[in-house]
Amino acid sequence: MQIPFNKPFLIGNETAYIEAAVRKGKLSGDGYYTLECQTFFEERYGVTKSLLTTSCTDALEMAAILLNIAPGDEVIMPSYTFVSTANAFILRGAKVVFSDSHSHHPGIDEDAIEELITPKTKAIVVVHYAGIACDMEKIMQLSTKYNLFIVEDAAQAIESFYKDKPLGSIGHLAAFSFHETKNIISGEGGMLVINDSSLIDRAEVIREKGTNRNKFFKGEVDKYNWVDIGSSFLPSELTAAFLYAQLEHIDTIQHKRLLLWNTYNNNLQVLKKIGIGLPTLPDYASNNAHSFFLICRNTEERDALIATLKNNNILAVFHYQSLHQSPYFLDKHDGRKIKNADHFSECLVRLPLFYELNTEDILNRIIPLLYNFFKV
Ligand SMILES: *Cc1c(COP(=O)(O)O)cnc(C)c1O
């Protein structure tokens, strides 16, 4: 039997709620289930306002519009991230300035950011890689010192914390993902979190194609108008119904993922002795078991490992070509070496981790293969 890298799953009332959404007579956005999902986030994570979106990509694009990012503005973010983190700001005409990762962890090196700040810098986007928090005190200090907006790309960070603060509740804005590869899924789906309350009204307009439809439904205006730019960023109730059924079981999902993650972690410590990197968590970061990864010693070793696993019907994947080296960005980059990001692009591999995976699969099939491959 093949062990895939990821597998979507049903855990509760997903299909029942989709049917119920149809019967409620409203399938477009902002119905019953959308509100339930948003309330869940606001109550559980104490965020000021959350708006369900069709993807994290859309939430990031909304963030860029909300912050009035325009040509001439500079936005700092890690090079080692998903395309959408940067693309959202490129769409507004910003100059993206890529920063490096830590040497031992793919998250942005907070101490390397300040030297990249110029009078044109308008925002910093941090990515909580693998759900592991960035040092948000250092980031918020930069925000205060230089008057910069902070956006948390929390795509991977649901149910994870910086000290006692839920990720996504600290920056001015944050974006979550419910793509099928994340912990909580709805196929495609996302959430924009707005912690700066002065941005809420406009966020609602941007999400509704630039109209004040939301105010109209609340009875605050007597007709709805085109009042700003925007797009169709809100998902249908089909997506929200599926998502809410998953959120209801978030504790069960997280419990299982942590069990799997710890099974990998407890059994793979021995790899450190031969120089293979494992995830490291600073003492201010909690673990949401989004991803378990290894950092190989070189690309050849990483590629050979993926091939060996594949020959044994186990699918592992690598990811993120550092964005400063991407075909789109290469000729726009200022030429700085961003070496840790390149290292993770070349050496990182993610092992299978999904709700329906079993500890036996890890213990009986994956771990023995890894021991054999690395000769430990
Ligand atoms: C998954 C992911 C995204 C994109 O999320 P979508 O919901 O697929 O748009 C953005 N940033 C990071 C760091 C991600 O992991």
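**Exercise 1. The contact of α3 with α4**

Task: Determine which residues of α3 meet which residues of α4 in this predicted model, and state how the contact divides by class.

Solution.
Step 1. On the α3 side, the participating residues are T57, L60, E61 and A64. Their partners in α4 are S84, T85, N87, A88 and F89.
Step 2. Sorted by class, the contact of α3 with α4 comprises 4 nonpolar, 4 polar and 1 charged residues.
Step 3. Helix α4 spans residues 83-90, and its axis comes within 8 Å of that of α3. The two axes cross at roughly 35°, and the crossing is right-handed.

**Exercise 2. The packing of α3 with α6**

Task: Describe the geometry of α3 and α6, and identify the residues through which they meet.

Solution.
Step 1. Two packed helices are described by the angle between their axes and the distance between the axes.
Step 2. For α3 (residues 56-66) and α6 (residues 200-207), the angle is about 125° and the axes are 10 Å apart.
Step 3. An angle above 115 degrees but not over 145 counts as oblique; α3 and α6 are therefore oblique to each other.
Step 4. The crossing in which α3 passes α6 is right-handed.
Step 5. From α3, M62, I65 and L66 take part, and from α6, R202, A203, I206 and R207. The residues of this contact comprise 5 nonpolar, no polar and 2 charged.

**Exercise 3. The packing of α2 with α8**

Task: Establish whether the crossing of α2 and α8 is left-handed or right-handed, and give the composition of their contact.

Solution.
Step 1. Helix α2 covers residues 32-45 and helix α8 covers residues 237-247; their axes are 7 Å apart, at an angle of about 40°.
Step 2. With this angle, α2 and α8 are therefore oblique to each other.
Step 3. The crossing of α2 past α8 is left-handed.
Step 4. The α2 residues in contact are Y32, Y33, T34, E36, C37, F40 and F41, which meet E237, A240, A241, L243, Y244 and L247 in α8. By class, the contact holds 10 nonpolar, 1 polar and 2 charged residues.

**Exercise 4. The surroundings of the ligand**

Task: State how many residues surround the ligand, and locate the N or O atoms that lie at given distances from its oxygen atoms.

Solution.
Step 1. The ligand is surrounded by 15 residues, of which T57, D153, Q156, S177 and K182 are the closest.
Step 2. From the backbone, an N or O atom of C56 lies 2.9 Å from a ligand oxygen atom.
Step 3. From the side chains, a polar atom of Q156 lies 2.8 Å from an oxygen atom of the ligand, and an N or O atom of S177 is 2.7 Å from a ligand oxygen atom.

Definitions and conventions: Residues are numbered from 1 along each chain as its sequence is written. This is a predicted model: local features need pLDDT of at least 70, side-chain atom pairs count only at pLDDT 80 or more; totals for chains, interfaces and linings use all residues. Side-chain values use heavy atoms; hydrogens and water are left out. Axes are lines fitted to C-alpha atoms, for helices over the stretch in contact, and angles run from 0 to 180 degrees between N-to-C directions. Helices (H or I, at least four residues) and strands (E, at least two) are DSSP runs, numbered from the N terminus. Angles under 35 degrees count as roughly parallel, over 145 as roughly antiparallel, 65 to 115 as roughly perpendicular and the rest as oblique. A crossing is left-handed if the near helix is turned anticlockwise from the far one by less than a right angle, and right-handed if clockwise. Contact means heavy atoms within 4.5 Å. Ala, Val, Leu, Ile, Met, Phe, Trp, Tyr, Cys and Pro count as nonpolar, Asp, Glu, Lys and Arg as charged, and the others, Gly among them, as polar. A residue is near a molecule or strand if one of its heavy atoms lies within 4 Å of it. A polar contact is a pair of N or O atoms within 3.5 Å; within protein, one must be able to donate a hydrogen and the other to accept it, and residues adjacent in sequence count only if both atoms are side-chain atoms.
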